[in-house]
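Welcome to this tour! Open your viewer, keep the selection tool handy, and follow along stop by stop.

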Amino acid sequence: MCIIAISDIDAPVNPWVSVWFQPQKTALWVKSTQPFYGVIVVLCLYALISFISARVGAGLEVEASQSTEALSGKHRLGKLIDTWLMPVMFSGVLYLVGRYLKGQATFKNIAWVLVWSQLPVILMLTIALVLQMAGFEIYEPVFNNKISSANGQVLIEPPQLQVNAHGLWYFMLSTLFLLWSFQILLSGTAAIQGITVKQALWWLTLAMIILMVVRLPVTLALGDRDILDVFGLKGIVELG
């Protein structure tokens, strides 16, 4: 477990910079000083970039592919739930998990870490918006091949592997930013709960499993997700 001197925690911190490279130290400073500024700013930034991306088509590629208005409405509702309701529920679940496992974080601490961990995601969405406006096909599947089945056999069309260069590069870039976001969340959670990073990983895993169980009835009711979403293959391959 990383040990940080009290003098370091009490030192003035610019969270906009330090949270990227020193998330644990920043979260400890937040826990000590209890500031809440910046949370609304980050939320507004996230809402703004999400709104702009939706208007230019990023994030709406699934709705555009639906054939009926009713199904499109269900998919739109599912997206709204995932974007706004599920993060709030995740905050509550993570807080309850922490209380059950004798963690030290308040709900305010957890909200701060969750919101600020989205900074890499906001930057990723901004880059994606610029790339899409420049004509890059970043939301196309990484592989242009379609997977289907016939007579119990899996078919790949065309049989030769075809890679979408734009999709591949964006997949690699977005993976980097998502891992960066998770690292901030992981280290920040460990700091505010007073536990090791390894323990924080298990706590976050437990909270995510609970959230998946909560989301399952919504998925069954709306039918807004397919098997590619379940296995994390959306945007990598396409079912025929």
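Let's begin with a single residue. Select S181, which sits in helix α9. Is S181 buried or exposed? Its relative accessible area is 7%, so S181 counts as buried. Now show what surrounds this residue. Apart from neighbours within four places in sequence, S181 is in contact with S117, Q118, P120 and V121.

**Stop 1: the whole chain**

Zoom out for a moment. Remember that what you see is a predicted model. Colour the chain by secondary structure, and you can count eleven helices and three strands. Following the sequence from start to end, the order is α-α-α-α-α-α-α-α-β-β-α-α-α-β.

Next, switch on the surface. The chain's accessible surface is about 13900 Å², and carbon and sulfur atoms account for 69% of it. Of the 240 residues in the chain, 38% count as buried. Contacts also reach across the sequence: taking those between residues at least 6 apart, 66% join residues at least 24 apart.

**Stop 2: the nonpolar core**

Hide the surface and select V19, F90, L94, W112, W116 and L119. In the largest nonpolar core, which has 45 residues, these six touch the most other members. Many helices contribute here: two or more core residues come from each of α2, α3, α4, α6, α7, α8, α9 and α10. Which helix gives the largest share? That is α9, with eight residues.

Keep V19 selected and show its contacts. Leaving out residues up to four places away in sequence, V19 touches T26, W112, W116, L119 and I184.

**Stop 3: helix α7**

Two of those contacts, W112 and W116, are among the buried residues of α7. Select N109, I110, A111, W112, V113, L114, V115 and W116 to see the buried residues of this helix. Eight of its ten residues are buried, so α7 is largely enclosed by the rest of the structure.

Now add W16 to your view. Ring pairs join W16, W112 and W116 into a cluster.

**Stop 4: a pair of rings**

Across the whole structure, a search finds five aromatic pairs. For one of them, select Y95 and F107. Their ring centres are 5.9 Å apart and their planes meet at 85°, so this pair is edge-to-face. Y95 belongs to helix α6 and F107 to helix α7, so the pair ties together parts that are twelve residues apart in sequence. Both rings belong to residues with some accessible area: Y95 is partly exposed at 25% relative accessible area, and F107 is partly exposed at 40%.

Between these two helices, look for K102, which lies in the loop joining α6 and α7. What is the phi of K102? It is near 65°, a positive value in a residue that is not glycine. Why does that deserve a second look? Most residues other than glycine have a negative phi. K102 has a relative accessibility of 72%, so it counts as exposed.

**Stop 5: helix α8**

Select α8, a helix of 15 residues. From first C-alpha to last, α8 reaches 21 Å, close to the 21 Å expected at 1.5 Å a residue. Its buried residues are L119, P120, V121, I122, M124, L125, A128 and L129. Which helices do they pack against? Show α2, α4, α7 and α9 to see these partners. Then move just past the end of α8 to G135, where phi is positive, at about 100°.

**Stop 6: helix α4**

One of those partners, α4, has 18 residues and reaches 26 Å from its first C-alpha to its last, close to the 26 Å expected. Select its buried residues: V39, V42, Y46, I49, S50, S53 and A54. Turn the view until you look down the axis of α4. The buried residues fall within an arc of 135°, so they line one face of the helix. An α-helix has 3.6 residues a turn, so residues three or four places apart point the same way. On the face of α4 turned away from the buried side, find the exposed residues I40 and R55.

**Last stop: back to α9**

Return to helix α9 and pick A165. Its relative accessibility is 42%, so A165 counts as partly exposed. Finally, draw a line from its C-alpha to that of F136: the two residues are 29 apart in sequence and 9.6 Å apart in space.

Methods:
Residues numbered from 1 in each chain as written. Predicted model: local features only at pLDDT ≥ 70, side-chain atom pairs only at ≥ 80, totals over all residues. Heavy atoms only, no water. Core = buried A, V, L, I, M, F, W, Y, C linked by side-chain atoms within 4.5 Å. Buried < 20%, exposed > 50% of the residue type's maximum accessible area, 1.4 Å probe, protein only. Helix = DSSP H or I, 4+ residues; strand = E, 2+ residues; numbered from the N terminus. Contact = heavy atoms within 4.5 Å. Areas by Shrake-Rupley, 256 points an atom, 1.4 Å probe, with all protein chains shown as cover. Expected span 1.5 Å × (residues − 1). Arc of directions from axis to C-beta. Phe/Tyr/Trp six-rings, centres within 6.5 Å; stacked < 30°, edge-to-face > 60°.
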